[in-house]
Amino acid sequence: MTGLIAFREIVLKVHSRCDLACDHCYVYEHADQSWRARPKVISPEVISRTASRLAEHARDHALPSVTVILHGGEPLLAGTARLRLVCEEFSRALTGIAALDLRIHTNGLQLSTRYLDLFAEFGVRVGISLDGDRAANDRHRRFADGRTSHPLVLAAVALLRSAPYRHLYQGLLCTVDVANDPVAVLDALVELDPPRVDFLLPHATWETPPVRPDGAPDAYARWLLRIFDHWERLGRPVPVRLFESVLSTLRGGPSLTESLGLAPTDLVVVETDGTLEQVDSLKSAFEGAAATGFNVFDHAFDRVAAHPGVRARQLGLAGVSDPCRRCPVVRSCGGGLYTHRYRDRNGFDNPSVYCTDLRELVDGVEGRTAPRETAPQLSDPVELARSQEELTRILLARLNADLTGDPDWAHAWELVAAVERAGRAGADALDAVLDHPFTRTWVLAALDVARDGLPGGGAEAARRLTALAAAAVLRGGLDLPAEVAYRDGEVYLPTLGLLRLGEPGTQGRASLHATDDGYVARDGRSEHRFGPAAGDARWQPVRTWSPGPDAAPVALEDLDPYRNCFPRPPRLRLGAGEAEEWRGRLDRGWALLHKAVPGFARAAAAGLTTLTPLAGGPRAGGWGEAGRHGPGALGVPYAAGVRETALALLTGRRRTRLRALTEVTDLYALDGEWQHRSPWRSRPVPVSRLLADVHERVAVEAYRRATAGPEPGGSDRIHEALDRLSAAAELTVTGKRLVAELRYELKAVDA
């Protein structure tokens, strides 16, 4: 069957009875009472058949690993002999097919060295249920005669924490009860030094709603946020999966628990009689809610994966109710646990019965953490530039790994290493050439060639890397042997210029050296000097332009062969007169920007390193172009007039800044087909497009108001788009902060 989500986790019910009488247990105390008709202990036949089915499923879906959770009732009641059989059968069946992750979830009352020695033999990790301190735990987790279970659970945890078994300690599971003291609960759990704590909302539906002692719809959120605040004060001493899941989704990452988020379910339950069921918590909804009609003897796991109830929990955003789809926190809460949505009249097509709690919890965690969770690159241009520099180096290191063994590349890489070892002058010079925007463009192109295994890729990459190293040697005035290969009579030295060493069609090698007044090239037959003061016609330097008396020079890059990374083609090398004419238009365009929108102009100057003249005149709207994977590079139509040039500088810098941010930060999640209505487009667009449109148009609206008057309805459309962005569930905390900044900018424009 196609389009099915493979099961990576199975819950194996090894015993259907329990030695406690917890009054909040979904197995015995809720709607589904099917446990009464099932065998107490799983049979060898069910164990063997389930192991075979799982191996078959793992092989068919090429799963690298599978998780088997031994569950109940109370699984330890199955005894060591039956549990050993489970471990042996599953280990045997999965050998050579998939890695096996064995776990057991227990109340701990029966835990002893006999069990732990068995678990150590097979690597079975142990999770224990404990609701906190004695007062909290005794509220629900008692024996049938009312006796406390707390001392026995603490003894089990102490044994599990002891030296021979500590590595098996998986964590503690705590069911929330708002009548308990949340601070005391967390302190009691932290004292046991668990690898992880899971807080679980008590199972409830709209037909059997959760207990709310004060009648408040957010009682559980307030209780959990008190836990969160105390967890923060303690310095997050242990991982808490509920909180870490919310924090992960707020950053744009995945959910870490079934009870939150939109990730598809990948779990199936095997009962003691071999019956295959959906997630166990559904037993809280109604009799038979978890049933599928399948079993391990007659049906493959794929039959369960195709069951409508399972498929409904694999639909992501489409699988939640309409109010949830329109909620800005739906990526974090996911509509809540599927079971908690149930209502008799319409099944599971509802928000969670904990809806208000979940909204308050997500908003509360975000409000408490957003300032430190917001990426610093958003507000600090220096940090943004540093992150871009680091990204280029990471990609270059990856290219080096891909080309290991190529002799030309190895020689070039050693020269780069020698430059970096040559003190501060070498490091600074190397930084300058590696931070050149089109270095990134080259690295990514070379990675594509290396990945595709195209012939000659190593030699071509080595030629560019050698030129990079040679440019650094010359910039730093280093006494290092810098030999470059030239082709078609010329070699481009990034950030410096183009050197002609022969006639068109010729190729060869030349050594380059820095001198007191420039540079010298020797090719074995002749020597010639070139550089800033040489006046050599064979040397075409990279020109520069200054956007202001206090600004760093900007490269006017019309030589680099990798500058062809804009949506339209670049101009060929400008003549001397053309270059001066373009500088003049840039000067006047920049002056117009500073006069019309000084704040936007100052922001546009931050991080601008390279301008490339593009062929043709301005397109409709006069937008500038961001270089594809060229941080800091901006393409401006050469034939644009002063006003169009000013607008191109403004919009192009907005585009390059947003592109740079998306390359090193997460502004939005990319895990769903999220679409939004746009005031400027006929069809719905992803949040990335809507954000890019607004990011540009706020600045354009400011510029037009200052130069030609506002566009009719322009501000209203931007406000409309900002409202849609504010409600976009896939925005991260950093993305939301960016939207808030755009709203602030527009407020200043409207003032």
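So, the second largest pocket: 49 residues line it, and nearest its centre lie Ala-606, Gly-607, Thr-609, Gly-632 and Arg-653. Its volume is about 1,300 Å³. Before going on, a word on what you're looking at. This is a predicted model, so local features need pLDDT of at least 70 and side-chain atom pairs count only at pLDDT 80 or more, while totals for chains, interfaces and linings use all residues. Residues are numbered from 1 along each chain as its sequence is written, and side-chain values use heavy atoms, with hydrogens and water left out.

What do I mean by a pocket? On a 1 Å grid over the protein atoms alone, a pocket is an open set of points with protein on both sides within 12 Å along at least five of seven lines; a cavity is a set where a 1.4 Å probe fits but cannot get out; and lining residues have an atom within 4 Å of a point. Grid points are joined across faces, edges and corners, and a volume is the space filled by probe spheres set on the points.

Back to that pocket. Which elements give two or more residues to its lining? They are α15 (381-402), α17 (423-434), β16, β18 (554-556), α21 (598-605), α22 (642-664) and α25 (733-750). The largest share is seven residues, from α15. Those names come from DSSP runs, numbered from the N terminus: helices are H or I with at least four residues, strands are E with at least two. By class, the pocket lining divides into 24 nonpolar, 15 polar and 10 charged residues. Here Ala, Val, Leu, Ile, Met, Phe, Trp, Tyr, Cys and Pro count as nonpolar, Asp, Glu, Lys and Arg as charged, and the others, Gly among them, as polar.

Now the cavities. There are four of 30 Å³ or more, and the second largest holds about 70 Å³ of space. Its lining includes Trp-623, Trp-680, Arg-697 and Glu-701. Two elements, α23 (687-707) and α24 (714-726), give two or more residues to that lining, with α23 giving the most, four. By class, the cavity lining has four nonpolar, one polar and four charged residues.

Let me zoom out. The protein has 25 helices and 21 strands, and its C-alpha atoms fill a box of roughly 100 × 60 × 50 Å along the principal axes. Of the 751 residues, 54% are buried, meaning under 20% relative accessible area, with exposed being over 50% and partly exposed in between (1.4 Å probe, protein chains only). Contacts here mean heavy atoms within 4.5 Å. Among contacts with a separation of 6 or more, 69% are between residues 24 or more positions apart.

One residue to click on is Leu-465, in helix α19 (residues 457-476). Is Leu-465 buried or exposed? Buried, with a relative accessible area of 1%. Leaving aside neighbours within four places in sequence, Leu-465 touches Leu-396, Trp-409, Ala-412, Trp-413, Val-416 and Trp-442.

On to strands, where two strands pair if DSSP finds at least two bridges between them. Strand β5 (residues 169-175) is largely enclosed by the rest of the structure, because seven of its seven residues are buried. On one hand, β5 pairs with β4 (residues 125-129) in the parallel sense over four bridges, and Gly-127 has Gly-171 as its bridge partner. On the other, four bridges join β5 to β6 (residues 197-200), again parallel, with Leu-172 partnered by Val-197.

Next, a hairpin. Strands β11 (residues 490-493) and β12 (residues 497-500) run antiparallel, joined by four bridges, and Glu-490 is partnered by Arg-500. Three residues sit between the two strands, and Thr-495 in the turn has a positive phi of about 75°. β12 also runs antiparallel to β16 (residues 539-541), over three bridges, and Leu-499 stands opposite Trp-539. That's the β16 that also gives residues to the pocket lining.

Last one: five strands form an open sheet with mixed pairing, in the order β17-β18-β19-β21-β20. Why do β17 (543-545) and β20 (625-626) each have one side without a neighbour in the sheet? They stand at the edges, each with a single partner strand. For β20, two bridges join it to β21 (residues 633-637), antiparallel, and Ala-626 has Leu-634 as its bridge partner.
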